[in-house]
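Open the model in your viewer and keep the selection panel at hand. The stops below go from one sheet to its neighbouring helix, then to helix pairs and hairpins.

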Amino acid sequence: PARSRSGAATSHEVAADRPTHGTPSRRDDVLAWVGRIADLAQPDRIVWVDGGDAQHELLVREMVSTGTLLPLNPELRPDSYLARSDPGDVARVESRTFICSPTRAEAGPTNNWRDPAEMRQTLAGLFDGAMRGRTLYVVPFSMGPVDSPLARFGIEITDSPYVVASMRIMTRSGAAALARIDDGAAWVPAVHSVGAPLGPDDVDVPWPCNPEKYIVHFPAEREIWSYGSGYGGNALLGKKCFALRIASVIARDEGWLAEHMLLVRVTSPEGRRTHVAAAFPSACGKTNLAMLRPTLPGWSVETLGDDIVWMAPREGDDGVTRLHAINPEAGFFGVAPGTGWESNPTAMETLRRGVIFTNVALTDDGDVWWEGQTSQPPAHLIDWQGRDWTPDAGRPAAHPNSRFTVSAAQCPTMAADWEDPAGVPLDAILFGGRRPSTVPLVTQADSWEAGVLLGASIASERTAAAEGTVGELRRDPFAMLPFTGYAVADYLAHWLEVGRGLGTGAPAIFGVNWFRKDDGGRFLWPGFGENTRVIAWIADRVAGTVGGRSTPIGHVPNPGDLDVTGLGLSEADLDELLDVDPVAWRAELTRAGAYLEELRAPAALRRALDVAIDRL
Ligand code: PEP
Ligand code: NA
Ligand code: MN
């Protein structure tokens with residue numbers, strides 16, 4: 001169909017014969033793209049999403065009527081809803097996630113590579129008529145505060161109203177983002193379909209999806225296509241697909257970093273501020289650390305982000321170049337199970353209203369429950385699949401990967417300036433994992449290279465929640481294994497290069513391990529709020545006000561450097577927590593070296609590793 005070249009498009013010019021609602025873009029390239037996708041996917045209508053209340057309320061009403069959203073009891077959980085997914089669409093599908101760089105080598109050994117031309121053909125087939133009987137929503141969005149120099153823009157086309165409502169919480173979506181795009185900002189096209197077209201006589205299901213799933217990235221073209229899933233990381237394309245996989249490629253080209261990290265501000269009793277980013281594999285308490293309630297008098301921790309950090313070098317007034325960090329997201333898409341008033345009261349406060357829950361259990365009074373919310377489960381529930389549930393059911397009431405989607409602004413520990421377009425100057429980066437032995441409670445890397453080595457060597461013991469043998473180590477460099485949009489060796493080289501550019505302004509890098517056990521399998525460290533004691537040592541190291549002991553793998557606290565007052569920790573336990581055993585570490589670094597070899601890591605990193613082995 002013919003399209004306006006004037007920029008003054010009207011609805012019928014956007015896509016011939018399709019009713020169009022809302023205010024379209026003024027940009028020809030945007031209109032042409034929406035028109036092309038509509039011609040391919042053949043939706044019944046097109047809606048340009050403005051992010052406002054009126055459109056949102058209409059969308060919610062529609063989802064309630066189709067059963068996609070179940071309203072919760074407004075007296076117990078105002079403005080909140082429960083979605084139950086298809087039982088086969090409950091998590092990210094890493095085996096169906098593809099990086100379609102021009103060559104296989106550019107995707108590296110850790111990604112699923114597909115030939116871009118072949119994949120484009122596959123997608124053309126999958127999306128042909130995929131939105132028949134549905135609405136095509138156009139969702140312009142900003143990752144980062146719209147006025148931030150670090151913000152990047154995208155437009156998601158989706159046929160899922162659940163995705164539209166979730167993107168409204170997780171990103172700055174709608175008119176403000178479209179205005180920036182219309183003013184000429186670069187934008188990433190992201191196409192999503194649940195892959196379940198409706199015939200004229202078909203009745204829709206609450207959670208349409210397709211057993212065949214494709215989560216596809218074209219890093220060179222900065223383009224995303226997602227098919228068959230309605231679930232978070234597969235379908236909210238601003239999050240993992242854009243803010244990590246595509247952004248990591250943009251960041252490499254532009255000299256910054258897009259990372260799978262939380263971001264907090266730590267303030268000492270003297271009022272000294274330390275900004276800390278931290279990467280952990282799943283099941284290591286990342287969300288709890290992002291919302292840490294300090295147990296040390298006078299210390300405070302404010303939340304800036306829980307999952308993704310973008311950081312770019314910028315010269316300060318003092319002539320020092322530092323990394324400045326933003327959280328590109330606007331909400332939390334968190335795991336519900338394990339979140340309770342005991343383990344994470346801040347998260348519980350955040351969830352009081354305005355939440356979309358997915359795959360948690362429903363209580364008899366119209367509220368939600370999940371394993372770990374309370375120590376005693378209610379006597380009766382409706383489980384995540386809509387079935388009656390009692391505590392003797394022999395299966396969890398909530399899916400282990402059930403989630404909450406909630407605005408970050410509702411988090412009581414959110415820093416008042418969390419949306420500051422300038423971001424925060426980063427002082428420290430933490431890398432952690434679940435390690436029952438060998439790895440000390442905390443270690444400060446002696447150089448940027450040694451710190452990058454720490455990040456590259458992140459490994460975590462498998463827990464019962466994940467597939468694989470319990471206790472076995474899963475390697476997860478920078479906790480980015482499923483999220484790096486290009487070859488991991490080049491990613492490591494990029495980290496080294498960013499460090500060289502920062503010089504003295506580079507953040508200090510630390511390794512942490514809350515999970516060390518004694519020979520009897522007992523945790524040596526209490527964890528949770530008591531991690532403040534480690535964070536305090538880290539902040540004081542950055543300030544240069546506390547001691548440490550030099551070891552071949554970096555500096556660890558002397559027993560007296562760590563404030564453990566009132567913990568009842570024995571001297572022997574503390575010694576073991578801070579012990580660096582040369583024999584175990586030689587074995588550890590030899591294994592890490594073999595893994596770096598597999599990744600074809602840069603020679604500089606392997607040299608740093610050899611230096612450490614020699615010192616041992
Ligand atoms: C997701 O699955 O969408 C997600 C946010 O993943 P994770 O919690 O594993 O980072
Ligand atoms: Na997941
Ligand atoms: Mn994550």
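**Stop 1: a five-stranded sheet**

The model is predicted. Begin with the open sheet of five strands, whose order is 3-4-20-25-19 and whose pairing is mixed. Its edges are strand 3 (70–71) and strand 19 (331–335), each of which pairs on one side only.

Select strand 19 together with strand 25 (residues 403–407). The two run antiparallel and are joined by five bridges. To find the register, pick glycine 334: its bridge partner in strand 25 is phenylalanine 404.

**Stop 2: the helix across the sheet**

Keep the sheet on display and add helix 6 (residues 161–170). Helix 6 lies across strand 4 (81–83), strand 19, strand 20 (356–358) and strand 25. Relative to strand 25, helix 6 runs at about 55°.

Now add helix 3 (residues 53–66), whose axis comes within 10 Å of that of helix 6. At what angle, roughly, do the axes of helix 3 and helix 6 cross? The value is roughly 140°, and the two helices are therefore oblique to each other. Their crossing is left-handed. On helix 3, show His56, Leu59, Val60, Glu62 and Met63; on helix 6, show Pro161, Tyr162, Val164, Ala165 and Arg168. These side chains belong to the residues that make the contact, and by class they divide into seven nonpolar, one polar and two charged.

**Stop 3: a second helix pair**

Move to helix 16 (residues 582–599) and helix 17 (residues 603–615). Here too the axes come within 10 Å, and they cross at roughly 165°. Helix 16 and helix 17 are therefore roughly antiparallel to each other, and the crossing is left-handed. From helix 16, select Arg586, Leu589, Ala592, Gly593 and Leu596, which meet Leu605, Arg606, Leu609, Ala612 and Ile613 of helix 17. The contact of helix 16 with helix 17 has seven nonpolar, one polar and two charged residues.

**Stop 4: the hairpin of strands 14 and 15**

Select strand 14 (residues 262–267) and strand 15, which pair in the antiparallel sense over six bridges. Leucine 263 is placed opposite alanine 277 of strand 15. Between the strands of this hairpin are five residues, and glycine 271 has a positive phi near 90°.

Is strand 15 (residues 273–279) mostly covered or mostly uncovered? Strand 15 is mostly covered, with six of its seven residues buried. Strand 15 also has a parallel partner: four bridges join it to strand 27 (residues 428–432). Look there for valine 276, which stands opposite alanine 428 in strand 27.

**Stop 5: the hairpin of strands 17 and 18**

Finish with strand 17 (residues 309–315) and strand 18, an antiparallel pair joined by six bridges. Which residue of strand 18 is the bridge partner of proline 313? The partner is leucine 323. This hairpin has five residues between the strands, and glycine 319 takes a positive phi near 80°.

Strand 18 (residues 321–326) is mostly covered, five of its six residues being buried. Add strand 26 (residues 424–425) to the selection: strand 18 pairs with strand 26 in the antiparallel sense over two bridges. Histidine 324 stands opposite proline 425 in strand 26.

Methods:
Residues numbered from 1 in each chain as written. Chains lettered and ligands numbered in written order. Predicted model: local features only at pLDDT ≥ 70, side-chain atom pairs only at ≥ 80, totals over all residues. Axes fitted to C-alpha atoms, helices over the stretch in contact; angles between N-to-C directions. Parallel < 35°, antiparallel > 145°, perpendicular 65-115°, else oblique. Left-handed = near helix turned anticlockwise from the far one by under 90°. Contact = placed C-beta atoms within 7 Å. Nonpolar A, V, L, I, M, F, W, Y, C, P; charged D, E, K, R; others polar. Buried ≥ 20, exposed ≤ 12 C-beta atoms within 10 Å, placed from the backbone. Pairing = 2+ DSSP bridges.
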